[in-house]
Amino acid sequence: MELFEAIAKRHSYRGAFKDIPVSRDDLKKIVEAGMKAPSGKNAQTTSFVIIDDKDILEKIGGMHVSNKAMQQCKAMIVCIINNVPEPVYEGFSFEVEDCAAAVENMLLAITALGLASVWIDGWLRRESRAEKIGDLLSLPKGKIVRIILPIGIPAEEHSQPEKLPFCKRAWFNKFGE
Ligand SMILES: Cc1cc2nc3c(=O)[nH]c(=O)nc-3n(C[C@H](O)[C@H](O)[C@H](O)COP(=O)(O)O)c2cc1C
């Protein structure tokens with residue numbers, strides 16, 4: 001799939017998945033796309049745990065009662081950063097931005113492969129879910145689950161919600177004109 005088609009087709013998918021596994025080749029391709037994303041000082045601070053074990057998927061997916069994609073996905077990519085982000089440039093750390101850049105690359109790769117996913121982030125921050133999932137995955141002390149991407153072959157048709165028109169968000173040369 002051409003890049004701009006993938007950008008237009010990517011959307012947050014929270015529907016049912018087909019009962020077909022996602023190949024490890026595809027999962028590796030997706031994570032490699034994430035690893036090629038830019039990162040502050042090229043520090044490459046995001047680590048990834050790729051889950052395709054049915055029991056672990058069920059344990060994590062079962063925590064998200066309102067999201068079919070989390071419950072039915074055939075794989076998850078769990079993105080991990082330092083709990084206390086380490087400074088890499090003039091006292092600044094960029095771990096959250098690094099992680100977000102990796103995730104967007106992966107979402108585009110997922111779309112290009114005919115798969116679907118959703119950026120699970122806000123949900124992780126409540127009820128110590130990130131910590132509970134970290135324990136399940138034996139994360140070392142100091143690391144935290146920041147974003148999860150549930151992945152599968154979509155069984156439902158959805159599309160990207162409408163975005164604001166260009167003229168409401170972008171201008172040449174001067175803000176608002
Ligand atoms: C930082 C961030 C956090 C998000 N957290 C969640 C989440 O916890 N659960 C969820 O279902 N979607 C989450 N989303 C997906 C957004 O709801 C979604 O991107 C937005 O509604 C726009 O829809 P689209 O992705 O289909 O364009 C998150 C997206 C971002 C960028």
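Biologist: In what order do the elements of the protein chain run from the N terminus on?
Modeller: The order is α-α-β-α-α-β-α-α-β-α. The secondary structure comes to 7 helices and 3 strands. Keep in mind that this is a predicted model.

Biologist: What makes the protein chain as compact as a globular protein of that length?
Modeller: Compare two values. The radius of gyration is 17 Å, and the globule rule gives 16 Å for 177 residues. The two are close, so the chain counts as that compact. Along the principal axes, the C-alpha atoms fill a box of roughly 55 × 45 × 30 Å. Buried residues make up 30% of the 177 residues.

Biologist: How do you know which strands pair with β2?
Modeller: Count the bridges. A pair needs at least two. Strand β1 (residues 47–51) shares 5 bridges with β2, and 8 bridges join β2 to strand β3 (residues 143–151). Both counts meet the cut-off, so β2 pairs with β1 and with β3. The β1 pairing is antiparallel, and β2 and β3 also run antiparallel.

Biologist: Which residues are the bridge partners of Met76 in these pairings?
Modeller: Met76 in β2 is the bridge partner of Ile51. In β3, the bridge partner of Met76 is Pro150. There is also a bridge between Ile80 and Val145 of β3.

Biologist: Why is strand β2 called largely enclosed?
Modeller: A residue is buried if 20 or more other C-beta atoms lie within 10 Å of its own. In β2 (residues 75–82), 7 of the 8 residues are buried, so the rest of the structure largely encloses this strand.

Biologist: And what makes β3 mostly covered?
Modeller: Apply the burial test to β3. There, 7 of its 9 residues are buried.

Biologist: Which residues touch the most other members of the largest nonpolar core?
Modeller: They are Met76, Ile77, Val78, Met106, Ile110 and Ile151, in a core of 39 residues. Several elements give two or more residues to this core: α2 (24–35), α3 (54–61), α4 (68–72), β2, α5 (95–112), α6 (129–136) and β3.

Biologist: What does Val78 contact, leaving aside its neighbours within four places in sequence?
Modeller: Contact needs C-beta atoms within 7 Å. The partners of Val78 are Phe48, Val49, Ile51, Ile133, Leu137, Val145 and Ile148. Now take the contacts of the protein chain between residues at least 6 apart in sequence. Of these, 80% join residues at least 24 apart.

Biologist: Why is Met1 called partly exposed?
Modeller: Met1 has 13 other C-beta atoms within 10 Å. Buried needs 20 or more, and exposed needs 12 or fewer. The value lies in between, so Met1 is partly exposed. Met1 sits in the segment before α1 (3–9). Beyond residues up to four places away, Met1 touches Ala6 and Ala112.

Biologist: Where is Lys41, and what is notable about its phi?
Modeller: Lys41 lies in the loop between α2 and β1. Its phi is positive, about 60 degrees, although Lys41 is not a glycine. Lys41 has 14 C-beta neighbours inside 10 Å. That is over 12 and under 20, so Lys41 counts as partly exposed.

Biologist: How do you know whether Ser138 is buried or exposed?
Modeller: Ser138 has 7 C-beta neighbours inside 10 Å. Exposed means 12 or fewer, so Ser138 counts as exposed. Ser138 lies in the loop between α6 and β3. Its phi is near 55 degrees, a positive value in a residue other than glycine.

Biologist: How do you know whether Glu177 is buried or exposed?
Modeller: The count for Glu177 is 6 C-beta neighbours inside 10 Å. The limit for exposed is 12 or fewer, so Glu177 counts as exposed. Glu177 is in the segment after α7 (166–169). From Glu177 to Ala100 is 77 residues in sequence and 29 Å in space, C-alpha to C-alpha.

Biologist: Which residues surround the ligand?
Modeller: The ligand is surrounded by His11, Ser12, Arg14, Val118, Trp119, Ile120, Asp121, Gly122, Trp123, Gln160 and Pro161.

Biologist: How many residues of each class are in that shell?
Modeller: The shell has 5 nonpolar, 4 polar and 2 charged residues.

Methods: Residues are numbered from 1 along each chain as its sequence is written. This is a predicted model: local features need pLDDT of at least 70, side-chain atom pairs count only at pLDDT 80 or more; totals for chains, interfaces and linings use all residues. A residue is near a molecule or strand if its C-beta atom, placed from the backbone, lies within 6 Å of it. Ala, Val, Leu, Ile, Met, Phe, Trp, Tyr, Cys and Pro count as nonpolar, Asp, Glu, Lys and Arg as charged, and the others, Gly among them, as polar. Helices (H or I, at least four residues) and strands (E, at least two) are DSSP runs, numbered from the N terminus. The radius of gyration is taken over C-alpha atoms; the globule rule is 2.2 Å times the number of residues to the power 0.38. Two residues are in contact if their C-beta atoms, placed from the backbone, lie within 7 Å. A nonpolar core is a set of buried Ala, Val, Leu, Ile, Met, Phe, Trp, Tyr and Cys residues joined through C-beta atoms within 7 Å.
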